[in-house]
Amino acid sequence: TAFDSISRDINIADEWKGKPAILANISSAADARRALASAAEGVGLFRSEALYLGSDHAPSEAEQYQVYAEIAGLMKNRPVVIRTMDLGADKQPGWLPVRQEENPALGVRGIRMSLRHPELFRTQLCALLRASCEGDIRIMLPMITSSSEILRARKLLADAEEELKQRQMPYRMPPLGIMIETPAAALLSDRLAPKVDFFSIGTNDLMQYTAAKDRQNPDVWEEEAGTDASQQSDEEDAVLELIRMTICHAHDCQIPVGICGEMAGDPRFVEKFLHMGVDSLSMAPYRIAGGRKIRAEYYTKFMEAGGKM
Ligand code: PEP
Ligand code: MG
C-alpha cells in the first residue's frame, strides 16, 4: 500500500501495519520530545520557519543541521517531515528585508519567498541533505500552486547536492513532497502527483483560501461559530471535497498523502479522513492520544464489518 513507504522502518505494532500513521506537528526539538511522550509515530510537520523567526540573523547551515539532526536522532527511524521555511505573510523575521504588501496572505510567502532568496534556501537545503544521514528525513515545500515551483525547487536541491559533493560532505537525498494548501494545488493534484514523492494537505491555509476568509480574523468566522460542534459548515464541506479529490489523485499515482492542518486532529473529522483512505494524520501532540483512540475504534468497526465499510 501507499502507507508502506511512509512506515518503512518504523517499529509499530503489527496491528497497525498498513494503517494510517498518527504523526506530530512540531516547531522545535522540545516539541519532538513532547511528541514522543505522546506516542507519536513520527513527525508529519516540522515548521522549520520557527528557526528563522526565533533568531536575530539568518540561521547558518551548521545551526540548522544541529536542530534537524537532533530531531531525526530523537525520532530514530520514524519519519520526520521537515517543511522548508514558510516565511512571509504573518511570519516575517526582522532581519529579512521585505517590501510592504497590500495583501500579505496572497503575497510573497512560502515557496515564493524561498525561490526569491535562493542563497537562503540553498543553505537550508544543504543542512537538510546533511541531516538526512541521521534519520528518515523527508523535505516538504509549502504554498505550492504550480508545477514550475517544484521544478525550480528541484533545481536548487540539485545545486545543494553539487555543493556538498564539492565540499566532500556526507549527505543523503531525501524524498521530496509538497503541501496541498491552496485550491490550485488541490485542483491540480493529478498534475503535481507525478512530480513528487508525497503530499501533505494543510487544511488551515486550504480553508483560508477556499473560503476567502483570513484565518487570523475571528470576525469573518463568527457566523459559523454558533453551529453544533458535531456538524460541519458548508465551507468545511467545500474543503472536504478538495481533500477527497487530492487523496484520489495521490493514490492514482501511488504516492502517500497525509493531512497536517488543524482538521487532521479534530475529532469531528478523524474518522472521515480514515474512511477516505488517508495515509497519515499529523496533529499537535495534545491531540495524538485522541487521534489514536478514534483510529482504534474505526478499525475495530472495520473488522467487525468484515473488512468492508
Ligand atoms: C496549514 O496551512 O494547514 C499548515 C499545516 O501550515 P501552517 O498552519 O503552518 O500554515
Ligand atoms: Mg499553511
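**Barrel strands and the shell around ligand 1**

Reader: Which residue in β7 does I201 stand opposite?

Author: I201 stands opposite I259 in β7. This is a predicted model, in which local features need pLDDT of at least 70 and side-chain atom pairs count only at pLDDT 80 or more, while totals for chains, interfaces and linings use all residues. Residues are numbered from 1 along each chain as its sequence is written, with chains lettered from A and ligands numbered from 1 in the order in which they are written.

Reader: And how many bridges join β6 to β7?

Author: There are 3 bridges between β6 (residues 198-201) and β7 (residues 257-259), and the two strands run parallel. Strands here are DSSP runs of E with at least two residues, helices are runs of H or I with at least four, and both are numbered from the N terminus; two strands pair if DSSP finds at least two bridges between them.

Reader: What larger arrangement do β1 to β8 make?

Author: They form a closed barrel of 8 strands with parallel pairing, in the order β1-β2-β3-β4-β5-β6-β7-β8. Neighbouring strands are turned by 30 degrees against each other on average, direction ignored; the axes are lines fitted to C-alpha atoms, and angles in general run from 0 to 180 degrees between N-to-C directions.

Reader: Take β3, then: which residues lie on each of its faces?

Author: P79, V81 and R83 are on one side and V80 and I82 on the other, and all of them are buried, meaning that 20 or more other C-beta atoms, placed from the backbone, lie within 10 Å of a residue's own (12 or fewer is exposed, in between is partly exposed). In a regular strand the side chains alternate between the two faces of the sheet. As for its partners, β3 is joined to β2 by 3 bridges and to β4 (residues 136-141) by 5 bridges, in the parallel sense. V80 is the bridge partner of V43, and V80 is also partnered with I137 in β4.

Reader: Switching topic, which residues surround ligand 1?

Author: The shell consists of L45, R47, D86, E181, G202, T203, N204, D205, C260 and G261, each with its C-beta atom, placed from the backbone, within 6 Å of the ligand. Two elements, β2 (43-47) and α10 (203-211), give two or more residues to it, and α10 gives the most, with 3 residues.

Reader: What does UniProt list for E181 and D205?

Author: An unreviewed UniProt entry lists both under "binding site", although such annotations may be inferred rather than shown by experiment. They are spread over 25 residues of sequence, yet they cluster in space, with a largest C-alpha distance of 5.3 Å.

Reader: Why does D205 count as buried, and where is E181?

Author: D205 counts as buried because it has 24 C-beta neighbours inside 10 Å, and its place is in helix α10. E181 lies in the loop between β5 (176-180) and α8 (183-187). Leaving aside neighbours within four places in sequence, E181 is in contact (C-beta atoms within 7 Å) with P142, M143, G202, D205 and L206.

Reader: What about R47, which residues does it touch?

Author: R47, found in strand β2, touches S27, R83 and D86, not counting residues up to four places away in sequence. R47 is partly exposed because it has 19 C-beta neighbours inside 10 Å. An unreviewed UniProt entry places "binding site" at R47, R83, N204, D205 and R215.

Technical notes: Contact = placed C-beta atoms within 7 Å.
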